[in-house]
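Let's take a walk through this one together. Have the sequence and the fold side by side as we go.

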Amino acid sequence: MTLPSAIFQLAARLGERLNHLGKTVATAESCTGGGVAQAITAVPGSSSWFEYAAVTYSDRMKRRALGVSHELLSAHGAVSEPVVEAMVAGLLEASSADIGVAISGIAGPGGNVPGKPVGTVCFGWGAAGDIETTTRYFSGDRAQIREQAVVFALTQLIEQLNRQDQ
């Protein structure tokens, strides 16, 4: 599968930063269905800096694979900052990666709930004990929303690594 060149270039930049710092990355994805992991592994040499990926589309797998609590999912829903924070924490615990990213959102065309329209995507990224979260609202069709989410996730990982390198 061919990636858009902008996404491949971001993934290559991420790899350069990880190599420079001697770090590895892992991903926990829901609405992107492994799109970030796909972008990362499209880069030659990624085996030296890519550790692990989990596509946890269902709440059951978020609980089982990443240790997200039933109570957290019930209180906030899968598309929430507390849940992506827990996804990153669980991802880092399940792997030996230095940095991780988690994504959960509503890519559409259906699935919106009150306060969370189609295009709502929550992100968590960081290292153990230093996890940041945010929510973004993307527009377009399902493919466009997923692509924008992948771009944002890669960009945030690069920015996090740049801050660590200062």
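What follows goes from a hairpin to a helix and then to the rings between them.

Keep in mind that this is a predicted model. Start at strand S4 (residues 120-127), which pairs with strand S5 (residues 130-137) in the antiparallel sense over eight bridges. One spot to look at is glycine 124, whose bridge partner in S5 is threonine 133. The hairpin has two residues between the strands, and glycine 129 takes a positive phi near 80° there.

Now on to helix H6 (residues 142-164). Aspartate 141 caps its N-terminal end, with a side-chain oxygen 3.2 Å from the backbone nitrogen of alanine 143. The 23 residues of H6 should span 33 Å at 1.5 Å a residue, and the end C-alpha atoms are indeed 33 Å apart. Quite a few H6 residues are buried, among them Ile145, Ala149, Phe152, Leu157 and Leu161. The cover over the buried residues of H6 includes helix H1 (5-21), strand S1 (25-29), helix H2 (35-41), strand S3 (99-105), S4 and S5.

So much for the backbone; now the rings. The structure holds three aromatic pairs. Phenylalanine 123 and phenylalanine 138 meet edge-to-face, 6.2 Å centre to centre with 85° between the planes. Because phenylalanine 123 lies in S4 and phenylalanine 138 in the loop between S5 and H6, this pair ties together parts that are 15 residues apart in sequence. Phenylalanine 123 is also paired with phenylalanine 152: the centres are 4.6 Å apart and the planes sit at 55°, so this pair is tilted. Here the tie is between S4 and H6, 29 residues apart in sequence. Phenylalanine 123 is buried at 1% relative accessible area, and phenylalanine 152 is buried at 13%. Ring pairs link Phe123, Trp125, Phe138 and Phe152 into a cluster.

Key:
Residues numbered from 1 in each chain as written. Predicted model: local features only at pLDDT ≥ 70, side-chain atom pairs only at ≥ 80, totals over all residues. Heavy atoms only, no water. Pairing = 2+ DSSP bridges. Helix = DSSP H or I, 4+ residues; strand = E, 2+ residues; numbered from the N terminus. Expected span 1.5 Å × (residues − 1). Buried < 20%, exposed > 50% of the residue type's maximum accessible area, 1.4 Å probe, protein only. Contact = heavy atoms within 4.5 Å. Polar contact = N/O pair within 3.5 Å; in protein donor to acceptor, adjacent residues only side chain to side chain. Phe/Tyr/Trp six-rings, centres within 6.5 Å; stacked < 30°, edge-to-face > 60°.
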